[in-house]
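Trainee: I should like to learn how the features of a structural model are read. May we go through them one at a time?

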Amino acid sequence: ERLRQEKVLRAWRERMDLFHLMLYLHILGAIIAFGPSFAMPIIGGMGGKEPAHVNFALRVSLAIAKQRIIPLAIVQGVTGVGLIVTSSVDLGKALWLQAGILLWAVALGYGMAIQTPAVKKLIAMTSGGPPPAGPAGAPPSGPPPAMLALIKSVQRGGMLIAGLVAVLVFLMVIKPGA
């Protein structure tokens, strides 16, 4: 009996060690993945104020998304599954966790299927440099209406993703109803 109890205790300790490793990786991944996304409005705003640099700002934002945000957002799913497996949470009863998984999937899907292609389209639209200046004395013409509409769409998409991430973090920290 004592040997069996020691075996159970050792297995519990190993499981908890794995839980803490998963928790560490999950939190670290969230910081690295989603932290930079909150800098995107600053990068975009600065690029918008300097038309000669808008393409660069868009390319920087896309590179951050492709190299950090999207891959680590996917890793969040893996470490999240690891946390579920190594903890005592009942996924069937944890509505906060179900909602969090849904929000994660929506944010990741939106980012990959809608936001990233829209940013790529903006990069293509701005790859020729800023629009040419109008005749002497004429007010600046500004970007074409299609580009302005796409910029607004990307801005709204960024706000949507940021909002989803904020709610997701709230659910993971507060665990309402748990």
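**Reading the model feature by feature**

Mentor: Let us begin with one contact: the side chains of Thr-79 and His-26 make a polar contact at 2.6 Å. A polar contact is a pair of N or O atoms within 3.5 Å; within protein, one must be able to donate a hydrogen and the other to accept it, and residues adjacent in sequence count only if both atoms are side-chain atoms. This is a predicted model, in which local features need pLDDT of at least 70 and side-chain atom pairs count only at pLDDT 80 or more, while totals for chains, interfaces and linings use all residues. Residues are numbered from 1 along each chain as its sequence is written, and side-chain values use heavy atoms, with hydrogens and water left out.

Trainee: How is pLDDT to be read, and which helix has the lowest mean value?

Mentor: It is the predictor's confidence in each residue, from 0 to 100. Where pLDDT is low, the predicted coordinates should not be read in detail. Here the chain has a mean pLDDT of 90, and 92% of its residues reach 70 or more. Among the elements of the chain, helix α1 (residues 2-34) has the lowest mean, 86, and helix α4 (residues 95-126) the highest, 97. Helices (H or I, at least four residues) are DSSP runs, numbered from the N terminus.

Trainee: Is Thr-79 buried or exposed?

Mentor: Buried means under 20% relative accessible area, exposed over 50%, and partly exposed in between, with a 1.4 Å probe and protein chains only. Thr-79 is buried because its relative accessibility is 5%. This residue belongs to helix α3 (residues 54-86). Contact means heavy atoms within 4.5 Å; not counting residues up to four places away in sequence, Thr-79 touches Met-22, Leu-25 and His-26.

Trainee: With which side chain does Asn-55 make a polar contact?

Mentor: Its partner is the side chain of Thr-126, at 2.9 Å. Asn-55 is likewise found in helix α3, and Asn-55 counts as buried because its relative accessibility is 13%. Beyond residues up to four places away in sequence, Asn-55 touches Ile-123, Thr-126 and Ser-127.

Trainee: What does Ile-84 contact, leaving aside its neighbours within four places in sequence?

Mentor: Ile-84 is in contact with Val-89, Leu-91, Leu-97 and Ile-101. This residue is also placed in helix α3. Since its relative accessible area is 21%, Ile-84 is partly exposed. Distance can also be taken from C-alpha to C-alpha: Ile-84 and Asp-17 are 67 residues apart in sequence and 14 Å apart in space. In another pair, Met-46 and Ala-57 are 11 residues apart along the chain, and their C-alpha atoms are separated by 7.7 Å. Met-46 lies in helix α2 (residues 40-49) and is exposed because its relative accessibility is 53%.

Trainee: How many salt bridges are there?

Mentor: A salt bridge is a side-chain nitrogen of Lys or Arg within 4 Å of a carboxyl oxygen of Asp or Glu. By this rule the count is 2. Glu-1 pairs with Arg-4, with the closest N and O atoms 3.1 Å apart, and Glu-6 pairs with Arg-2, with the closest N and O atoms 3.5 Å apart. Glu-6 and Arg-2 both lie in helix α1, 4 residues apart, about one turn of the helix. Glu-1 is exposed because its relative accessibility is 62%. Arg-2 is exposed at 61%, whereas Glu-6, at 36%, is partly exposed.

Trainee: Where does Lys-175 lie, and what is its phi?

Mentor: Most residues other than glycine have a negative phi. Lys-175, however, has a positive phi, near 50°. It is placed in the segment after α5 (145-174). Lys-175 is partly exposed because its relative accessible area is 36%.

How values were computed:
Helix = DSSP H or I, 4+ residues; strand = E, 2+ residues; numbered from the N terminus.
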